[in-house]
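Subject: Structure for you to look at

Dear colleague,

Here is the structure I said I would pass on. My notes on it follow below the files.

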Amino acid sequence: MSKSEQPSEPVGETPPDPSAAPPAVSGPPPSRAVDGPAADLRGMTPVSPVGRLAATVDRLSREVRAAQAEAEGRALIELAKGILVARLGCGPAEAARQLAELAEQSQVTPLEFAVDVINQAARDRMSEVTDAFLAATAAVQSVDAEDASADGDAAVESAAVRLRAAESGALAADDTQAVADALLEQALRPLGAAAVAIWAAGSDGSLTLAGSAGFSAAEAARWRYVPPDVATVARSGLAERAGQWFTSLARTSLPSVGRHQYPDGGRVAVPAGTGGRIHGVLEIAWPVPLEPQPPQVVRQVEALAELCAHTLESHTPAPGAGQEPRIMPDAVELMDLADGLYDPALVLVPHLDADGHLADFRIQHVNKRFLDPAGRPRAVVGGALLLEAYPMAAGDSELFRSVERVYATGEPFRARRMNLTALVDQVPLSAVADISVSRHGNAVLLIWRIEDETARLASLLQHAQRLGRIGGFEENLLTGEITWNGQLFDLYGRPQTSVPVPMEELAAHAHPDDAVAIGRFLRTLLHHRRPASAAFRLQRPDGVTRHVRVVAEPVLDTDDRLLVVRGAYQDISAQHWTEVALAATRDQLAHTEQQAIERNRLTLQLQHAIMPPTQSPLKVPDLQVAVRYRPAETEQLVGGDWYDAVMLPNGLVLLCVGDVAGHGIEAATSMVVLRNALRGLAVTGAGPGQLLSWLNIVAHHLTGGVTATAVCGLYDPSQRTLRWARAGHLPPVLVRGAAAKPLPLVRGMLLGAVAEAAYEEDEVQLAGEDTLLMYTDGLIERRDRSVEESLAQLLSTARRAPITLDQHLDRLLTYSRSDTDDDTCLVGIRVG
């Protein structure tokens, strides 16, 4: 450009308006080169050589930055002039003049106006990000518009210039390395970033470092190539369209370039793609932990990644270590490859919408072995869009998403037993297939192997044989050829390389005691030519014996001659030992049941011998005595309840009831001991307290440590008095007139608990028509209520006394609310 075509105001010079200052990344304006440390150094007396050298270095550094800012500004102005030339149809000089006049009319600098012209002309993603970033920045700066309007304008201009400078620098770069340098210096350093890496994604899933800035040369050389399937920060960026934003690299377990340089810094990995295809990854490193970024910065980074994608489209990565450069086949070559496959295959090419975004895939080619799940011919499917031919591919099967991801990343996809659904006349038709998707150049190869019924049934049969431990065989009797499956070799304990055993030699591999059964099986099968089966013990070479069942059938030819024998062996060892264990358990249960029945029978006989259900009445003047005994409803619960009513030699009447803890023969025998002991002790003429004290010694020492409760009373017919004591038992109940109440409680510990115990006595004076009741807890005990409630129910029943004592006791047994199936003893006396 000639000097006459330059704007009237030099771009690199500092205008008086602060808003026209060059971006912050370009350093201070050149007009202030005399200020700062150099000026201070000139004031030093005397000026030392070191001071002069420092001033010179500082001045030259600021001049270089100013020159860079001037060059960037000139590049943007030249770009705006080119836009005006295209739109106005004028020459470069007229465009420069128009730019200067329009900038003057707008009261902005030519650099600001050039940025506005570029933003209005560009309709790409970078412009959208710039507009959003400028709007957000202006909104933030407008909080105090009167005090900070100049600073806000400067920030807006700085953001716009930085983005456009980065764009122009990237577009003008010769290679990806130059793009990385431009992105770091022009756009990322103002954001606080320290380094940037541009990765190119290979079709095999590998990553190649196409360009980097801010990392050491040794570190970049170490990370020149990343093999497939190696988890890194850059590879994690391929998983999400929005990229991965890591607060600190130290908090992740992912390796990455520059990990030792910036161990605690933040990392960002954003996929770089266009038109639905990902060409690589833009990775940015910060020296410190990364705070959450505003949406404007996120969109700016995404726009820079898309800018890298345009550069990576023409990038040819160098081959990795030990690799040879490969030339990917185009769609035509891929069609030839698909026709050579034995499985149905589709060749897909991307179909973009008007905005250049991936919308669908065109079915470019259908190979000769193609099988449509809906039975449609190849001509109907070929040439159609994938979602038109198979709209259900975007449904639950996620087939379309898998194809889209393979095209974007280049990583192949494999899946077994995926549902393929075709919609024909609004009716979904499904099939199960194994899927393989791979990218080749700009095309995608989709292979599906539809599972046929024969293969499915064969797989089902194999699993059934495995679960049932069944081995199949077939023996040709004419040729001697024998075929075994793998299960049968395992059953015999022989390697699959060994020779199968013929049917005629079966007895040699069985237990000698099973020779008769095997001989009968072979005669039926080979001689009579009928299906046969047999069970025998198979003796394996490793010394293990297995219980086996063999089933076989003859196959006859057209002349009714025996041709083939086929059948199956089944390992029934587990079943055999289970049957043996069950038989032994049944025998043991039968024996135990018989023992229990015998014990219960003996217990009942003993109990009935001591306490018969009916007893002859006791003849005492002016006294009625009646007893009742109700055994347990369940014979297995025969208890130790007992009672006694007997006339003593001294003329007193012994009345007692007791209950031994537990059930069965032990409780019954203990009951007999205590009952007979109390009878014998009562002859001594001792009182009831002393009798229970002696009976406690018997229970503790002579019965194996049993425990029991009891009530003992001595009735004097001449005085109509009853002396009584209790050992942990419920007190007797006195029915007088229309009232019934228990006798006052006296102290007394249950029998057998301690070696020695004393028992308190009490005496009650009875009157005519009084009834006294002694009973065991089987009469009132319930699971769902307390003893007090059960006793209140007993007293309520006892008040309504019938005419005779026997009827009274029968009524009490009839209306008993007990539900524990325990024995019940009841003794009653009525004074005449």
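The closest look went to one residue pairing in a sheet: R736 stands opposite A739, the latter in β23. Please bear in mind that this is a predicted model.

The pairing belongs to strand β22, residues 733–736, which is joined to β23 by four bridges, with the two strands running antiparallel. Both are part of an open sheet of five strands, ordered β17-β26-β25-β22-β23 and paired in antiparallel fashion. At the edges are β17 (623–630) and β23 (739–742); each has a single partner strand, so one side of each has no neighbour in the sheet. On average, and with direction ignored, neighbouring strands here are turned by 15 degrees against each other.

Two helices pack on this sheet. Helix α21, residues 787–799, touches β22, β23 and β25 (771–775). The direction of α21 makes about 145 degrees with that of β23. Helix α22, residues 805–814, touches β17, β22, β25 and β26 (824–831). Its direction makes about 25 degrees with that of β17. Strands β22 and β25 therefore appear in the contact lists of α21 and of α22.

I also went through two arginines elsewhere in the chain.

R267 lies in strand β5, which covers residues 267–274. Is R267 buried or exposed? Its relative accessible area is 0%, which is under the 20% limit, so R267 counts as buried. The side chain of R267 has a polar contact of 2.9 Å with the side chain of S256. The R267 side chain also reaches a backbone atom, the oxygen of G258, at 3.3 Å.

R546 sits in strand β15, residues 545–556. Its relative accessibility is 22%, so R546 is classed as partly exposed; the class begins where buried ends, at 20%. Which residues does R546 contact, once neighbours within four places in sequence are set aside? They are R469, F536, R537, L538, R540, D571 and S573. Two of these also make polar contacts with the R546 side chain through their own side chains: D571 at 2.7 Å and S573 at 3.4 Å. Between R546 and Y492 the C-alpha to C-alpha distance is 8.8 Å, while the two are 54 residues apart in sequence.

If you open the model, I would begin with the sheet and its two helices, then turn to R267 in β5 and R546 in β15.

Regards

Terms used. Residues numbered from 1 in each chain as written. Predicted model: local features only at pLDDT ≥ 70, side-chain atom pairs only at ≥ 80, totals over all residues. Heavy atoms only, no water. Pairing = 2+ DSSP bridges. Axes fitted to C-alpha atoms, helices over the stretch in contact; angles between N-to-C directions. Contact = heavy atoms within 4.5 Å. Buried < 20%, exposed > 50% of the residue type's maximum accessible area, 1.4 Å probe, protein only. Polar contact = N/O pair within 3.5 Å; in protein donor to acceptor, adjacent residues only side chain to side chain.
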